[in-house]
Amino acid sequence: MSGVPGHDGWELVVGLEVHCELKTATKLFCGCPNSFGDEPNTNVCPVCLGLPGSLPVLNQRAVELAMAIGTALHCDIRPSTFHRKNYFYPDMPKDYQISQYDEPINADGWLELPDGARVGIVRAHLEEDTGKTTHAGASGRIHGADYSLVDYNRSGVPLVEIVSAPDLRSPAQARSYAAELRAILVATGASDGKMEEGSMRVDANVSVRRAGSSELGTRCEIKNLNSLRSLAHAVEHEAQRQVEVLESGGVVRQETRHWDEDRGATVTLRSKEEAEDYRYFLEPDLVPVVPDDGWRSAVAEALPPMPAARRRKLGALFGDEPVEPGGARSDQVATVVDLGLDELVEAAVAEGVPAALALARTANEAATDADAARRLPLVSYVALLRMEATGELTATQVKTVLADLLRDGGGDPAELARERGFEALSSEAVAAMVADAIAAHPDEWGRYRSGEDKLTGFFTGAVMKASRGQADGKAVAAELARRRAEP
Ligand code: ZN
Ligand code: MN
């Protein structure tokens, strides 16, 4: 799956920079509320407006969440300092951003993708967010805007910027990394991971090189990809653009580009800044952050199991029938973990429901309303799946009752099944229907008895039709087998 789609002989090299807004009550250096969607410029004060004489005070909870992210990404948590990153833009009232530069709080970690590949994490540092500029005009971009509006509610919101090593080799892998990182950020409780609200923003550094080369080509940075889909598309198109430039004898210029979703192409935004353009210097108003061992281990102990560990735990329910990476079952496991529905599967299996059935119902049906499913009493869910496992209800009936349970927020599945008229067919009733089917089709029965196995479906279908779908397929099969074995 690696390479540049449509261009043999080239290799794609991608590293991602992800900005994640931390779910703190207040901003990074002041007591203003950190909340999304409020009336513009209402959550502001002299500190986050950058007024002269105001002083920053570091938010302890933000440091703690940054440490949680670092721990989950297997980073070293280090003594760190803050720097001023100087540049001019109207959404940044101080004309500098307080960020971490050569001494980030987290460094040298890794993240494991669902397929088992490891991606290096160079650093995950703390910094403040900027305000938000809205360009009013047809394009929504600064060029051609009639006027621009700025909202400082976001100014000073705590961010962790997570920088991966250039270890990703395909658009699909870049997407998989971003999805896994988002799941980890949500699991740590540090972020809600909402790309559509900007709580997680992805920049992609993309370069290409001849297959087999170990040198890095000139990279371009694509800014602010706001969905996993855009990320994969933008990486693919940018790689193809670079290959075409190089194959026609040109050179790739290092620059920052913007992904134009409508045109399906990246376009130049500005030539790339180097670190020296920002004139970094130590922030004189903040002291170094030196988390002691006690604090670090308290953060580590409070961390819940991460998605990779939870996927392994669900996989273990299948015993010696391993969950193949990339297969349908591994997709189901990933869906269940992603939606936080692990407990439903585990509880059902603990009560004797086959793992494949518990996983399928959870990943396919419960997942259609994950919020409701997470609130469902486990006892209702388990009781329903047991009715399918024992053949009391058919799969179709179970899906219907499950939809009722999700809608009502719980209930007695047996009761709901009765209300729906899903009376379990007694074994006598099934036997009688099988007998009727045999009597109605003596020729076929004779052929079936003399070994024509493909007629199983014919008889099962006849009984299903007669029972209007209420007979359990397994019970019908068992009765057919019993009758066939009779002398
Ligand atoms: Zn403030
Ligand atoms: Mn940043």
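Visitor: How are the donor residues of the manganese ion (ligand 2) spaced in sequence?

Guide: The spacing is H-x107-E-x33-E. This is a predicted model, in which local features need pLDDT of at least 70, side-chain atom pairs count only at pLDDT 80 or more, and totals for chains, interfaces and linings use all residues. Residues are numbered from 1 along each chain as its sequence is written, chains are lettered from A and ligands numbered from 1 in the order written, and side-chain values use heavy atoms, without hydrogens and water.

Visitor: What makes an atom a donor to the manganese ion (ligand 2)?

Guide: A donor is an N, O or S atom within 2.8 Å of the metal (3.2 Å for Na, K and Ca); water is not among the atoms, so a site may look incomplete. His-19 (NE2), Glu-127 (OE) and Glu-161 (OE) coordinate the manganese ion (ligand 2) at 2.1 to 2.2 Å. Glu-127 in strand S6 (residues 118-128) and Glu-161 in strand S9 (residues 158-164) link distant parts of the chain, 34 residues apart.

Visitor: Why is Glu-127 called buried?

Guide: Buried means under 20% relative accessible area, exposed over 50%, and partly exposed in between (1.4 Å probe, protein chains only). Glu-127 has 2%, so Glu-127 is buried. Glu-161, at 8%, also counts as buried.

Visitor: Why is the arrangement around the zinc ion (ligand 1) called tetrahedral?

Guide: Four donors count as tetrahedral if all angles lie between 85 and 135 degrees. The 4 donor atoms here subtend angles of 100 to 115°, so the arrangement is tetrahedral. The ideal angle for four tetrahedral donors is 109.5 degrees. The donors are Cys-30 (SG), Cys-32 (SG), Cys-45 (SG) and Cys-48 (SG), at 2.3 to 2.4 Å. Cys-32 and Cys-48 lie in the loop between strand S1 (10-21) and helix H1 (60-72), so this pair ties together parts 16 residues apart in sequence.

Visitor: What makes Cys-32 and Cys-48 buried?

Guide: Cys-32 has 7% relative accessibility, so Cys-32 counts as buried. Cys-48 is buried because its relative accessible area is 4%.

Visitor: How do you know where the second largest pocket lies with respect to domain 1 (3-301) and domain 2 (307-419)?

Guide: Domain bounds come from an automatic or database domain assignment. Both domains give residues to the lining, so the pocket lies between them. A pocket is an open set of points on a 1 Å grid over the protein atoms alone, with protein on both sides within 12 Å along at least five of seven lines; lining residues have an atom within 4 Å of a point. Among the 33 lining residues, Pro-114, Asp-115, Arg-311, Ser-330 and Ala-334 are the closest to its centre.

How values were computed: On a 1 Å grid over the protein atoms alone, a cavity is a set of points where a 1.4 Å probe fits but cannot get out, and a pocket is an open set with protein on both sides within 12 Å along at least five of seven lines; lining residues have an atom within 4 Å of a point. Four donors count as tetrahedral if all angles lie between 85 and 135 degrees; four count as square planar and six as octahedral if opposite donors are over 155 degrees apart and all others between 65 and 115; anything else is irregular. Helices (H or I, at least four residues) and strands (E, at least two) are DSSP runs, numbered from the N terminus.
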